[in-house]
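Here is a short tour of one protein model, written for someone who would rather be at the bench. Have a look at the sequence and the fold first, then read on.

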Amino acid sequence: MNHFETARRRMVEDQLIPRGIKDERVLAAMRKVPRHLFVEEAFRDRAYGDHALPIGERQTISQPYMVALMSEALALKGTEKVLEIGTGSGYQTAVLAELAARVCSIERIQLLVSKAWKMIEELGYRNAVIRQADGSFGWKDEAPFDAILVAAGAPQIPSVLMDQLKVGGRMVIPIGERTSQTLKKIVKEEKGPVTVSITPCLFVPFLGASGWSKDEESTGTDAHK
Ligand code: SAH
């Protein structure tokens, strides 16, 4: 076992299980996906720490616990088609590719799309696709989705994304102010959406047509508070 693998196992034992992550498939994915390959070389030794890390372009790779918590909330069995908004490093994309049948991921910054795509290809995930776009509009050609994960803090739930969610589908999304949000889980039931609050959190802002405007941009940390 190399030292990254040891660090990854320790991350699961120390950060995820004690905080209540129980889904065995999520824990297995977190033990498997090489998070250190999704950060710059200078940060590799900190890749399994209990925090978000910068990935360039003023964006961050989310804290491991946040990735696990959002993944668990989607209750994936392996047959689902998932939409992810905010690819960032592509780490969460890889975790979702382990948990679902197909992952469609959207990122607004082309440089991050290129880097994430390279890593997803190198690791051999054939069930994930990434494109550059404003996630406000979802991914019409691939809709509807069983689950949607939004990895940037939005002022409200983008209605287009609700439209692209199947009845019975789940969405996780940080909602609130630019500098502090609540992670919400929305289940689209036949009678209408049912929302539960999961935890206070701090994500980078969702920028775009149904998000914040770019000139107000500031950096969050993708951490649980
Ligand atoms: N889960 C990712 C972290 C993503 S950080 C990881 O672990 O690496 C959030 C990402 O959302 C940033 O890369 C940011 O550029 C992107 N983003 C913000 N608003 C967006 C939008 N409207 N559409 C698509 N991506 C967006």
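## Glu142 and its contacts

Let's start with Glu142, which sits in the loop between β5 (128-132) and β6 (145-150). Keep in mind that this is a predicted model. Is Glu142 buried or exposed? Its relative accessibility comes out at 15%, and Glu142 counts as buried because the cut-off for that label is under 20%.

So who does Glu142 touch? Setting aside its neighbours within four places in sequence, Glu142 is in contact with Lys81, Arg102 and Cys104. Cys104, one of these partners, is itself buried, with a relative accessible area of 0%.

## The annotated serine

Next up is Ser62, which the UniProt record (an unreviewed entry) covers with the annotation "active site". Where does Ser62 lie? Look in the loop between β2 (59-61) and α3 (64-73). With a relative accessible area of 10%, Ser62 is also buried, because that value falls under 20%.

## Strands β7, β8 and β9

Now for some strands. β7 (residues 165-176) pairs with β8 (residues 181-189) in the antiparallel sense, over 7 bridges. The two form a hairpin, with 4 residues between them. If you want a spot to orient yourself, find Val172, which stands opposite Lys185 in β8.

β8 also pairs with β9 (residues 192-202): these two run antiparallel and are joined by 9 bridges. How many residues does the hairpin from β8 to β9 pass through? The hairpin joins them through 2 residues. Here the handy marker is Lys184, which stands opposite Ser197 in β9.

One general point helps when you scan along these strands: in a regular strand, side chains alternate between the two faces of the sheet.

## Cysteines

β9 also carries a cysteine, Cys201. Its relative accessibility is 0%, so Cys201 counts as buried. Cys201 and Thr182 are 19 residues apart in sequence, yet their C-alpha atoms are 5.5 Å apart in space.

You have now met Cys201 in strand β9 and Cys104 among the contacts of Glu142. How many disulfides does the structure hold? The count is 0. As a reminder, a disulfide is a covalent bond between the sulfur atoms of two cysteines.

Terms used. Residues are numbered from 1 along each chain as its sequence is written. This is a predicted model: local features need pLDDT of at least 70, side-chain atom pairs count only at pLDDT 80 or more; totals for chains, interfaces and linings use all residues. Side-chain values use heavy atoms; hydrogens and water are left out. Two strands pair if DSSP finds at least two bridges between them. Buried means under 20% relative accessible area, exposed over 50%, partly exposed in between (1.4 Å probe, protein chains only). UniProt positions are given in the numbering used here, feature names are shortened, and annotations may be inferred rather than shown by experiment. Contact means heavy atoms within 4.5 Å. A disulfide is a pair of cysteine sulfur atoms within 2.5 Å.
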